[in-house]
Amino acid sequence: MSRLLEGEKVSKHFGGLKAVDAVDFYLSEGEILGLIGPNGAGKTTLFSVVAGSIPPSAGLLLLDGKQMSGWNAHRIVHAGVCRTHQIVRPFARLSILENVMVGAFYGGKRAKRAKTMRRAHEQGIELLDFVGLRERAARFPSELTLAGRKKLEVARALATRPRVLLLDEVVAGLNPVESQKMVELIRGVRDRGVSIIMIEHVMKAVMGLSDRVMVLDYGKKIAEGNAEQVAANPEVVAAYLGQEA
Amino acid sequence: MRQLTRWLPEWASPWAVVAFVFGFAVLYSLPLVISFDSYTHGIITQAFVFAAAAMAWNWLGGYVGQISFGHAAMFGVGGFLSARLLLTTSFPFWIAWIVGGLAAASYALLWGHPTLRLRGPYFAIATIGVSEATRLIATYWGDFTGGSSGISLPISEGTAKFSLYWYALYFMAFVVLLSYYLRKSRIGLGLLAIKEDVDAAQDVGVSANYYQDAVLFLSGLVVGVAGGIYASYFVFIEPGDMFGFERSISFLLMGVIGGVGTILGPVLGAFVFVILQEYLIASYPDLYLGLYGTLLIVVILFEPLGLSGLLLRIARLFGYRPRVLDITVGDTKLTAMEEPEAVEPPESDVEPARKEAKA
Amino acid sequence: MEEVVRLGISAVLLAGLYSVMAYGLGLIYGVLRIVNLAHAGVIMAAAYVTWLLHSRLGIDPYLAIPVILVVFFIFGVLLYKGVVRFLPRGAAGGVQSLLLLFGIWLVMRNGAYLLFSGNDRAIRTEYSTHSISIFGTSVAQSRVVVFVIAVLTLAALHLFLTRTYTGKAIRAVAQNPDSGTIVGVNVERFYALTFGIGTSLGGLAGLLLATIFAFNPTSGAVELLKSFVVVVLGGLGSVVGIALGALVLAFAESYAILILPSYLTAAVSFVLLVVVLVLRPGGLFGQRVLA
Amino acid sequence: MKAVLVRKGTILLGMLALLIAACAPTEDAAREAGDEAEVPDEILVGATLPLTGEEADNGLRYQEGYELAFEVANEDGGLEIGGETVPVRLELLDDTTDQATAVNLAERLINRDQVHVMLGTYSTALVEAQSTVAEQNQIPYVNGGGAATAIYDRGYQWIFGALAPVELLATTQMEWIQKEQEAGNVPDPAEIALLWENTSHGEDYRKGVQDFAEQSGGSFEVVVDESFELDSKDFSAVLSKVKSSGADLFLADAHLPDYVTMQRQYVSSDLCHDVITYGARGSEADAAEALGQENVNYILSAVWWNAQLGEQGGQNEQFINAYKERYNTDPEWYQALGYETVRALFTAIEDAGSVEPEPLREALANLEMESILPGGQLSFPEETGYQADYPFVVQQNLPDGSSPIVYPEELATGKAIAPNPNCEG
C-alpha cells in the first residue's frame with residue numbers, strides 16, 4: 001500500500017498555545033486511520049490544517065508525495081481531500097439534493113466535475129441513495145434528524161470525489177441503531193476506494209473500523225498502531241484517565 | 001416548446017424564455033405604440049438603468065450575501081470615465097460605456113479583493129469607507145472629474161436622448177439574462193453555498209474568493225455601465241451626485257425593497273423607487289428618507305423578500321404554490337413545494353478550535 | 001514645530017471625544033454582536049436634545065449631561081425591547097440587523113429634519129468662543145472641557161467594567177460571546193441594559209459634539225464611521241485600548257494636514273477604516289483569544 | 001411607423017452588441033413649433049427651486065422673489081404682448097436640492113406641462129444640471145441662482161444668468177483691499193490665506209483672488225491655498241495651517257453654515273487678520289446671532305445686491321417697499337435676485353412681443369434693462385456666454401450691527417475700517 005497522504009511535523013499554534021505540535025502521520029491507499037485523543041487534544045485542528053481551513057504554522061503536507069501545505073481549502077478539495085464537520089454545516093436554504101450537487105459541481109479535478117445540471121443531479125441522487133437519503137432529496141436539511149444530517153454531510157463530501165475523506169465524529173451523538181448504520185456506511189465508503197481518517201469518540205466504532213489508530217494528546221502524537229496496541233499503551237490510558245479525573 | 005427546450009441552455013426554462021421575449025417585445029415597442037411625452041419616456045429610461053444597477057447590486061448583496069453600501073464608487077468611475085472618453089475621443093458612446101464599465105469593474109476588484117474576505121457587517125462597513133474615500137478623492141481630482149464643477153458632455157439633440165430608451169432596455173435585458181444565469185446555473189448553486197456558509201462551501205471545493213471577486217467584478221461592470229448611460233442621459237455629471245452616499249443607498253434600497261436574492265425583485269424595486277421618487281416624493285419631499293427607512297424596517301422585520309415576497313404571499317392567497325424544484329428519482333417524482341417556514345440558522349459561528357473544546 | 005505641537009494638542013483633545021462615541025458602539029457590538037448603525041442617529045438626536053434644552057430652557061449643555069444620559073438610556077432600552085430583540089444575532093444575522101438599524105437611522109434623520117429643518121444648528125454659550133493657552137498655543141476652552149468630561153467618563157466606565165458584576169459580565173461576554181450563558185445573568189435584561197448603556201454613551205458623545213461643532217440631521221454619519229475605526233483599532237479589551245485607538249485616529253487625522261491638502265484629510269479616517277479592517281480580518285476584536 | 005415596428009420587432013434577443021450598434025428609433029415628431037404664432041391666453045412659466053433639502057432656505061428666499069415679481073406683474077393684468085395684456089402664471093416645483101430631480105422636473109415642465117419658458121433653480125450644481133434640459137429642448141432658461149462661469153462657458157445658446165460671476169466678487173474685494181493697501185492700512189506686500197469650499201463657487205472665488213494677486217506685481221501673495229469640503233465640521237487643522245503661515249489677510253469663500261462653523265473656530269483659536277472675509281457671507285443676521293455680534297465685527301463681504309441700495313430711491317425703493325409690504329421684513333440679495341431675474345424675463349417677453357422660443361431668446365440676448373442691481377443696468381452679453389456682468393457691493397459688519405456698503409465708493413453708505421481693530425492688543 002502506497003502512502004497517499006502524509007504529514008511531516010505538522011504544527012498549528014494559536015498565540016502561545018500549541019494546538020498541534022509537530023505531528024507526523026501518514027495514510028495509505030484504502031486505509032481507515034482512527035484519530036483519537038481526549039478533548040482539546042488538537043484532533044479537529046489537525047483536520048482543519050489538513051483540509052486547508054486554516055494554514056499550518058509549520059510542517060509539510062504531502063498528497064501522493066506532492067507538497068500541498070498552505071493551499072486553500074478549495075484547492076485541497078480539488079486535489080482530492082475533503083472533510084466533514086463535527087457540528088454539521090449543511091447549506092440550510094438549499095434542498096438536500098442541492099447540497100450534494102454543490103459538491104458534485106465543485107469538488108475534485110476539473111475534468112471530473114459535473115458539467116451539467118443533469119449530471120450533477122444524477123450523481124447527487126446516486127450518493128443520496130448510497131447514504132440512504134434518496135427519498136428525502138427534495139426536502140431541506142432542517143427536516144432531517146441528526147443522523148440524517150450527518151449522512152448528508154458524508155454524501156456532500158463524497159460528491160467531491162475525494163481520495164481522502166476526513167470524517168469528524170460522524171458517529172458521536174447517534175443512537176446504537178444509527179451508529180451501526182453509520183459504521184456500515186463508512187465501510188461502504190472505504191469499499192468505494194476512498195481512504196479515510198476519522199476522528200471518533202465512540203471507541204467501539206473507531207476501534208472496530210480502523211486499520212490503524214493514532215492518539216493525540218495536548219497536540220502531540222503519543223501513540224500509533226493497531227487498535228489493541230494502542231489500547232494497551234500506558235500513555236494513552238494515562239491521557240484518558242487524566243481527562244476523566 | 002420541446003424544440004425550444006432542446007437548444008436552450010440547461011439553466012433557462014422555456015417558460016422563462018417566452019416571458020423574457022414577450023416582456024422585451026412589449027417594452028421595446030411600447031413607446032412606438034403609445035407615444036409618451038418625453039418626460040415619461042425619460043423616467044422609464046432611467047428606471048431601466050437603475051433596474052440593471054440594482055440587479056447588479058443584488059448579485060453581491062443577495063446572491064453572495066455581501067451587502068454593499070459603496071456601489072456609488074463604481075457608478076461614478078464608470079460615469080466619469082465614459083464621459084471623459086466621449087469628450088476626448090470619437091468613440092461611439094456604447095464603447096465609452098463599456099470601457100467605463102470595465103474600469104469600474106477593475107476598480108471594484110482593486111478594493112474588493114481584500115475586503116471581500118470580510119463577512120457580513122465588516123464588509124458592509126468597509127464599503128462605506130471605500131465609497132466615501134472615493135468620493136472625496138474624486139472631488140479633489142479635478143483633472144478627471146472636473147472637481148466639484150463636474151463635467152458637461154456635448155449637448156445631444158433630443159433624438160439621441162430619446163433613443164437612450166432602447167439602449168437602456170438592451171442593457172437591462174442583458175443584465176436580466178445575466179441575473180438569471182448567475183442564479184439558475186451551477187454558479188448560482190455555488191454562490192448560494194457561499195452565502196449560506198463560506199467555510200463549508202470552501203470545504204466542498206467552491207473557490208469562494210474567486211467567485212466573490214468575479215461577482216463583484218461583474219457587478220461593478222454593470223454599475224459602471226449604468227453610470228455611463230446615466231452620464232449620457234443627464235449630460236452633466238458632478239462627483240457629489242455620482243459618488244454620493246445617497247447613490248449607494250439607492251441601489252441598496254432598490255434591491256432590498258424589491259427582494260434581496262430574488263432574480264427580478266430589484267427590477268421591481270427600481271421601478272417602485274423611481275416612481276416614488278418622481279410622483280410621491282415630488283409631492284411630499286420632506287418624507288422620503290423616513291419612507292425608505294420605514295420600508296427597510298418593515299421589510300427586515302416582516303417580509304425579508306420585500307415586494308417579491310409580498311407578491312408571493314398574494315399569489316398564495318389565490319392558491320399559487322411555487323415549486324422549488326422537481327426531482328425525478330427512477331419512477332418516483334419528488335416535488336418540493338415551498339421552502340420550510342422556519343429554517344434553522346446555520347451552525348457556523350463557532351471557531352474551529354473552540355469546537356474541539358466543546359466536544 | 002509649533003504647528004506640530006498645536007496639532008498634537010488638538011489631536012489629544014479630540015481623542016477623548018472619539019473614545020466616548022466609540023465605546024458606545026463597541027459595547028453594543030461586543031455583547032450583542034450587532035453593528036448599531038442607529039448610533040449615528042443617536043449622536044445626532046442627542047445634539048438636538050442638548051440644543052433644545054439650552055435654547056428653550058436655558059440649561060447649560062454640561063449641566064444637561066445627566067438628562068441626556070437618562071433619556072438616551074431609556075431610548076436605548078426601548079429600541080432594544082421594541083425592535084432589536086427580534087433580530088437574529090451573530091455573523092449570520094449581522095446583515096439584517098445592520099439594515100434594520102440603518103432604517104431606524106433614516107427615520108431618525110427624517111424626524112429631525114421635520115422638527116428642526118435641515119439647517120445647521122450650533123449651541124452658543126458665553127464661553128463657546130473662549131480660548132485658553134496650553135503649552136503656549138491657544139485652544140478652544142470648550143474642547144478642553146469636552147476632553148475632561150470624556151476622560152472622566154472613561155474612568156467611570158473603567159470602574160464600572162472592572163468593579164461591578166454587570167460590568168464584568170459585559171467584559172466577559174464581549175471577549176467571548178459564548179460566555180453569555182455561562183455568566184448566568186438574565187440574558188434579555190442584560191442585553192437591554194447593554195444596549196441602553198451603549199446608547200446613552202452615544203447620547204453623551206452627541207452632547208459633547210454639539211458643544212464644539214455645528215450639527216444638522218445628517219450629522220453622526222462620519223462620527224459613526226470614526227467610532228468604527230476606533231473600535232477596530234483598539235479592540236474591546238479595555239478602556240485603555242479604546243483610548244489608544246482614538247489617539248491613533250486623531251493623530252492620523254490631525255497630522256495628515258502636514259502632508260495632504262486639507263481637503264483630503266477628511267478621507268483619512270475612511271481609508272484608515274478600510275485598511276484596518278482588511279489588516280485585522282479577525283474582526284473587531286484583536287485580542288480575541290482562540291481557546 | 002408600422003414599418004419601423006416590424007423591422008425592429010424581428011431582431012432577436014441576446015444579440016446585445018448588434019442591438020447596440022443598430023440604430024434606435026428616432027423621435028418621430030420634433031417639438032411642434034407652435035401651431036400659429038398666436039398670443040396665448042396665459043403665459044406659463046416653469047421653475048423649480050430647492051424648497052427642501054440642503055439649499056431649502058435659499059430656495060425659499062428665491063421663491064419669495066419670484067412670487068413677488070409675478071404678483072406685481074399680474075396687478076396690472078399681466079404682460080403686454082401683441083397688443084394684449086396676458087396674465088402670467090408660475091408653475092413652481094420643488095427639486096429637493098437633487099440634480100436628477102431638477103433635471104426630470106424640467107423635462108416634465110417643458111414636455112408635459114408645455115411651459116413657454118423656464119426660470120432657473122438655485123445653486124450652481126443644480127442650474128448646471130438643469131440647464132441642459134432647456135438647451136436640449138431649445139427653451140429659454142433665465143436663472144438668478146447659478147453664478148459659476150462653468151455654466152456659461154459651455155457654448156449654450158438658451159441659458160441666461162442674472163448672477164454676476166463669483167470671480168468678479170473676489171476681484172471687487174481685492175480692489176477694495178488694494179485701495180486700503182495704498183492708504184497704508186494693509187501691509188505691502190500682504191500675504192493671503194485663501195480658503196475655499198470645494199464647489200464651483202469656491203473655485204471661481206479662488207481664481208479671482210489668485211489672478212488679482214498675480215497681476216498685483218508682488219503686492220499680494222497667496223501663502224495658504226486650501227479647499228475644504230462643503231458642510232465640514234472641524235476646521236481646526238486647516239486653521240492651524242493658517243496660523244502657522246502668519247498671513248495678513250484671511251480670505252475664505254464659504255456657504256453660510258461653514259462660515260458660522262469656521263468663524264467660531266477661528267475666534268476660539270485666537271486668530272486675527274487685518275482683513276477677514278467669507279466671500280459673499282458675513283452680513284447675515286443669523287450668523288450674528290449664532291456667533292455673537294462681537295465675533296462677526298469687521299468681517300467683509302461682497303454681495304450681488306444690498307437693501308441699502310434702496311436709499312438712492314428709484315426702482316430699488318419700489319422693490320423694497322413692495323417686498324416689505326408682502327413679507328414684513330427687509331429683502332436680502334437672494335430675494336432681490338429672484339425678483340430681478342423674473343423681471344428680466346418679463347421685460348424680454350414684452351420686448352419680443354411673443355413667448356415663442358426663438359424671438360424670446362433674441363430679446364433676452366439683446367436685453368438692456370434698467371435694474372435694481374448695482375450698476376443699474378442688466379444685460380446678458382454674448383461674450384460672457386449670456387451671464388450678466390455688474391459690480392458687486394462690498395459691505396463690512398460694524399459693532400452696532402449694521403453692515404454699510406463701503407465699496408464701490410459711488411454706492412458707499414459707510415466708511416470702511418481697516419485694519420481689523422480686533423487684532424490690536
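This passage describes confidence, a sheet with its covering helix, and chain contacts in a predicted model. Residues are numbered from 1 along each chain as its sequence is written, while chains are lettered from A and ligands numbered from 1 in the order in which they are written. Because the model is predicted, local features need pLDDT of at least 70 and side-chain atom pairs count only at pLDDT 80 or more, whereas totals for chains, interfaces and linings use all residues.

Chain B has a mean pLDDT (the predictor's confidence in each residue, from 0 to 100) of 86, with 86% of its residues at 70 or more. Over residues 337-359 of chain B, pLDDT stays under 50. For this stretch the model has 62 contacts (C-beta atoms, placed from the backbone, within 7 Å) beyond four places in sequence.

Turning to chain A, 6 strands (DSSP runs of E, at least two residues, numbered from the N terminus) form an open sheet in the order β6-β7-β8-β3-β9-β10, with mixed pairing (at least two DSSP bridges between two strands). Its edge strands, β6 (81-83) and β10 (220-225), each pair on one side only. From one strand to the next, the twist averages 20° (axes are lines fitted to C-alpha atoms, for helices over the stretch in contact, and angles run from 0 to 180 degrees between N-to-C directions).

Within chain A, β7 (residues 164-168) and β8 (residues 195-199) run parallel and are joined by 5 bridges; A:Asp168 stands opposite A:Ile199 in β8(A). Helix α6 (residues 176-191; helices are DSSP runs of H or I, at least four residues) of chain A lies across β3 (32-36), β7 and β8, at about 150° to β8(A).

Among the 5 pairs of chains that touch, A and B share the most contacts. No contact joins chains A and D, whose closest C-alpha atoms are 22 Å apart.

Technical notes
Contact = placed C-beta atoms within 7 Å.
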